[in-house]
Amino acid sequence: MKYVGDGNIKTWDVNFDLNNTHDKIRFKMMGIKNLEQWTYGPTLRIGYRWFNVTASYMLSPVFTSKGPQMYPISVGFVLMPF
């Protein structure tokens, strides 16, 4: 996780409150706890010529049993000029 900007940062481990200063915050956090080691799920890609639509749904949760139950969904489009 990386953040560069103004304002507050509040996480489980860190709490910065720099609203009254004119300095920018530079914050980097590595090693997020309780992440699943492996993720898997179906991906669909449909298109015609140079335009494609893609979608993905993760069947495995993002976090182990100690985190929130999240199953990410991804939707997008692809332009291939060749």
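The legends below describe close-up views of a predicted model.

**View 1. The whole chain consists of strands and no helices.** The protein has zero helices and seven strands. Read from the N terminus, the order of elements is β-β-β-β-β-β-β. Of the 82 residues in the protein, 15% are buried. The exposed surface comes to about 7,300 Å², and carbon and sulfur atoms supply 59% of that area. Among contacts between residues at least 6 apart in sequence, 31% link residues at least 24 apart.

**View 2. Strands E1 and E4 form an antiparallel pair.** Strand E1 covers residues 2-5 and is joined to E4 by four bridges. One of the facing pairs is lysine 2 and lysine 28, the latter in E4. Strand E4 spans residues 25-28 and has two unlike faces, one covered and one uncovered. Ile25 and Phe27 lie on the covered face, while Arg26 and Lys28 lie on the uncovered one. In a regular strand, side chains alternate between the two faces of the sheet.

**View 3. Strands E5, E6 and E7 make an open antiparallel sheet.** The strand order across the sheet is E5-E6-E7. Strand E5 (43-48) and strand E7 (73-79) are the edge strands, each pairing on one side only. On average, neighbouring strands of this sheet are turned by 15° against each other, with direction ignored.

**View 4. A hairpin connects E5 and E6.** The two strands run antiparallel and are joined by six bridges. Tyrosine 48 has phenylalanine 51 of E6 as its bridge partner. Two residues lie between the strands of this hairpin. Arginine 49, in the hairpin, takes a positive phi near 55°.

**View 5. Strands E6 and E7 pair over seven bridges.** Strand E6 comprises residues 51-57, and its pairing with E7 is antiparallel. Valine 53 has phenylalanine 77 in E7 as its bridge partner. Further along E6, alanine 55 stands opposite valine 75 of E7.

**View 6. Serine 56 is a buried residue of strand E6.** Its relative accessibility is 15%, so serine 56 counts as buried, the cut-off being under 20%. With neighbours within four places in sequence left aside, serine 56 is in contact with Pro42, Thr43, Pro72, Ile73 and Ser74.

**View 7. Isoleucine 73 is an exposed residue of strand E7.** Isoleucine 73 counts as exposed because its relative accessibility is 63%, and the cut-off for exposed is over 50%. Isoleucine 73 is also one of the residues in contact with serine 56.

**View 8. Six side chains form a nonpolar patch on the surface.** The members of the patch are Tyr40, Tyr57, Leu59, Tyr71, Ile73 and Val75. Together they have about 660 Å² of accessible area. Val75, a member of this patch, stands opposite alanine 55 in the pairing with E7. Ile73, another member, is the exposed residue of the preceding view.

How values were computed:
Residues are numbered from 1 along each chain as its sequence is written. This is a predicted model: local features need pLDDT of at least 70, side-chain atom pairs count only at pLDDT 80 or more; totals for chains, interfaces and linings use all residues. Side-chain values use heavy atoms; hydrogens and water are left out. Two strands pair if DSSP finds at least two bridges between them. Axes are lines fitted to C-alpha atoms, for helices over the stretch in contact, and angles run from 0 to 180 degrees between N-to-C directions. Patches are made of residues with over 30% relative accessible area and no salt bridge: like charges are joined within 9 Å, nonpolar side chains (Val, Leu, Ile, Met, Phe, Trp, Tyr) within 5 Å. Accessible areas come from the Shrake-Rupley method with a 1.4 Å probe; for residues, only the protein chains shown count as cover. A salt bridge is a side-chain nitrogen of Lys or Arg within 4 Å of a carboxyl oxygen of Asp or Glu. Buried means under 20% relative accessible area, exposed over 50%, partly exposed in between (1.4 Å probe, protein chains only). Contact means heavy atoms within 4.5 Å.
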